[in-house]
Amino acid sequence: MQSNHLEWKVGLFVLVGLAIAAGMILFFGKFGERGDYELTVRFQNASGLINGSKVLYAGVEVGKVKEINLDPQGHYVDVVLGMFRFKKWKYVIKEDAGFAIKQSGLLGDVYITIEPGSATAADAKPGQLLHGKEPASLGRMAESAEELLAKLNRSVDKLSSGFLDDATLGDLRLSAKNLKELTGNMNTTSVRLNQILDEINKGRGTVGKLFQNEEIYENFRALSYNLRKGGILGYKDRYDQDMNKTPAQLEAEKKEEQRKTVTPKSR
């Protein structure tokens, strides 16, 4: 009798523990919130969605995919969403909200993300049919990449056949050869010019003696001075005379020339 009483107590304790565990699951988990109301979103392509895929709003999970129904003609796919109701966080799905199918990484899970609609739009009602955006599938992107690569290959072929033919390559080789010879000639000319200038600086040769001779230099200087003073027709050798004048005499002559150039005022 005492053994039966102990077994009854153990069974009651286990039953109470299971009830508490179930309550905690319902309270802390999302089982009590799941499927509060439904929305149907129509897509052109499901892109790998499965029952139980997440529905995210602003990065927060707000629902699950409940059903995926394919149109008999295959024109579209209706995805039934089981939306949660949160007591602490109030969110509203608008009629013009954006629904898009995305994938986390190349091999990650496929999920639906909701972009908030405009504030002036009406609220989406439970069971209402909404329209989603066409997903960007990886297969389509791969096809686009293949088309781009094919166009690039055709462009390179045209460039190779039209520009890099044998005649053009021969002209390019000849131009490079001529440029190399021209560069060599310029280097030789530069070396020769440096040698000539060095000879002139040292007073060697006719030109070098001309530049290094002080008497010739003074004669050129006097000729230039006399031409500047009197011109060709009024040429007069006044260089030595002017060079021997005192500063006072030069200043007086300067003032006299300035006085002669001043135009008298009319009465």
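The questions and replies below go through the sheet, one backbone angle and the salt bridges of a predicted model. Residues are numbered from 1 along each chain as its sequence is written, and side-chain values use heavy atoms, with hydrogens and water left out. Because the model is predicted, local features need pLDDT of at least 70 and side-chain atom pairs count only at pLDDT 80 or more, whereas totals for chains, interfaces and linings use all residues.

Me: In what order do the seven strands of the open sheet stand?
Reply: Strands here are DSSP runs (E, at least two residues) numbered from the N terminus, as are helices (H or I, at least four), and two strands pair if DSSP finds at least two bridges between them. The pairing in this sheet is mixed, and its edge strands, each pairing on one side only, are E5 (98-103) and E7 (129-131). The order is E5-E6-E2-E3-E4-E1-E7.

Me: Which residue in E6 stands opposite Val55?
Reply: Val55 belongs to the pairing of E2 (residues 54-57) with E6 (residues 110-115), two strands that run parallel and are joined by three bridges. E6 also pairs with E5, by six bridges and antiparallel, and there Ile101 stands opposite Ile112. On the E2 side, the residue opposite Val55 is likewise Ile112.

Me: Is Ala58 buried or exposed?
Reply: Ala58 sits in the loop between E2 and E3 (60-70), and its phi is near 55°, a positive value in a residue other than glycine. Buried means under 20% relative accessible area, exposed over 50% and partly exposed in between, with a 1.4 Å probe and protein chains only. Since its relative accessibility is 65%, Ala58 counts as exposed.

Me: With which residue does Lys66 form a salt bridge?
Reply: A salt bridge is a side-chain nitrogen of Lys or Arg within 4 Å of a carboxyl oxygen of Asp or Glu, and by this rule the count comes to five. For Lys66 the closest N and O atoms of the pair are 2.8 Å apart. Because Lys66 lies in E3 and its partner in E1 (residues 37-43), the pair ties together parts 28 residues apart in sequence. The partner is Glu38.

Me: How does Lys94, the salt-bridge partner of Asp123, count: buried or exposed?
Reply: The closest N and O atoms of Asp123 and Lys94 are 2.9 Å apart. Asp123 lies in the loop between E6 and E7 and Lys94 in the loop between E4 (77-83) and E5, so the pair ties together parts 29 residues apart in sequence. Asp123 counts as partly exposed at 39% relative accessibility, whereas Lys94, at 17%, counts as buried.
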